[in-house]
Amino acid sequence: MPAKIEPKINAFADELTTIRRDIHAHPELGFEEERTSKIVAGKLKEWGCEVTTGIGKTGVVGTIRVGNNPRAIGLRADMDALPMDEHNTFDHRSRHQGRMHACGHDGHTTMLLGAARYLSATRNFDGTVHFIFQPAEEGRGGAEAMVKDGLFDKFPCEQIFGMHNRPKLDVGKFAIRTGPQMAGGGLFDIKITGKGAHGARPETGIDPVVIATQIISALQSVVSRNVAPLDSAVISVTQMHAGDAYNVIPQEAVLRGTIRAFRKETMALIKERIETISRGIAKTLGGTAEPDVRVVFPPLVNDRNSVTFISDVAASIVGEENMNREGPYVMASEDFSYMLEKVPGAFINIGNGGGEGGCEVHNPGYDFNDEIITLGATLWSRVVETKLAKDAR
Ligand SMILES: [Zn+2]
Ligand SMILES: [Zn+2]
């Protein structure tokens, strides 16, 4: 069935596209979204929302209250760009070298703005909606910064929702899943210290390169032997640094890498195994290892009731056949997970199109698809009108 886009949103679709392209052309990195948050705050004020700025540095919250129903929900978009060069040549390409909206956060911001405009004009609900525009999603801790700044104390929400575009998922389709949907992520450094020596006299030294290779090998057994087969996890050693000369056994070696898992317990298990294995192997071979394993993102876990609710709303717009309620697990991480640890809710994927050969996010040729702005804004609006329906008290 053709998507039932709200006609009142369709009426200002061109303006939304203009906003989206303007933000795309002027990307800003995490916690530096001065221009973007100014645009967001300005539009929200213009349309009659209460506006609070400076939550989590550059974060913005817009609020609409209708009636005296104490119920409140939160809708969240992210605003930051990535530190990379854009290879596109269209008019709205990035004006800044080394900065690009390659994850579509320009589109997420615009879809939520579209809903704010429609909802503040129509006010066809009873309760409070908070539009949460967060900074620094791309690994810089923006969600955590907003939460620590008292986001949910100042703006209590009974439920929160987030949305991300998904390349290769057709335009007009949504996907979601209950429970863990996106992996938690972490980083590690392992500093190995041996004893430097002449390369021809290994018996006088302790070789940190050999220790490093043994640690790398042993780490391969963590996912295969310690993590339960039906659970999922990744440990990738992505950096190995040691030595400067052909004939010198170095004093030190450093390993670095990333870990991913869908459960907090699994993240904790992996952290413990990396620490124990690296220290133990280094000690056995006569050296020392100082592991530093840091969990950066918790896994993103969708609440069952919230998934059912937003899936029903999406199905009412695009049809059940276009609402995949058992969408794929994603090994990438997303820091909306911090907010979902505080308030139950769900994170839904909206198809960005592009088909099989479609350009993935974080690619220099990526662009958010303007065709889906009104669909995303319609979904956000219906979520509010359904959850805070006037006769639902
Ligand atoms: Zn991203
Ligand atoms: Zn993203």
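In the predicted model, the zinc ion (ligand 1) is bound by Cys 103 through SG, by Glu 138 through two OE contacts and by His 362 through NE2, at distances of 2.0 to 2.8 Å. The angles among the four donor atoms run from 51 to 151°. Four donors count as tetrahedral only if all angles lie between 85 and 135 degrees, and the site of the zinc ion (ligand 1) is classed as irregular. For reference, the ideal angle for four tetrahedral donors is 109.5 degrees. Along the chain, the donor residues of the zinc ion (ligand 1) have the spacing C-x34-E-x223-H. Cys 103 is located in the loop between β3 and α4, and Glu 138 in the loop between β4 (127-134) and α5 (142-148), so this pair ties together parts of the chain that are 35 residues apart in sequence.

The protein donors of the zinc ion (ligand 2) are SG of Cys 103, NE2 of His 105 and NE2 of His 164, which lie 2.1 to 2.4 Å from the ion. Their spacing in sequence is C-x1-H-x58-H. Here too, distant parts of the chain are linked: Cys 103 belongs to the loop between β3 (72-78) and α4 (105-122), whereas His 164 is in strand β5 (residues 159-167), 61 residues apart.

The two sites share a ligand residue, as Cys 103 bridges the zinc ion (ligand 1) and the zinc ion (ligand 2). The separation between the two ions is 3.2 Å. The bridging residue, Cys 103, has a relative accessible area of 7% and is therefore buried, the cut-off being under 20%. His 164 is likewise buried.

Terms used:
Residues are numbered from 1 along each chain as its sequence is written. Chains are lettered from A and ligands numbered from 1 in the order in which they are written. This is a predicted model: local features need pLDDT of at least 70, side-chain atom pairs count only at pLDDT 80 or more; totals for chains, interfaces and linings use all residues. Side-chain values use heavy atoms; hydrogens and water are left out. Helices (H or I, at least four residues) and strands (E, at least two) are DSSP runs, numbered from the N terminus. Buried means under 20% relative accessible area, exposed over 50%, partly exposed in between (1.4 Å probe, protein chains only). Four donors count as tetrahedral if all angles lie between 85 and 135 degrees; four count as square planar and six as octahedral if opposite donors are over 155 degrees apart and all others between 65 and 115; anything else is irregular.
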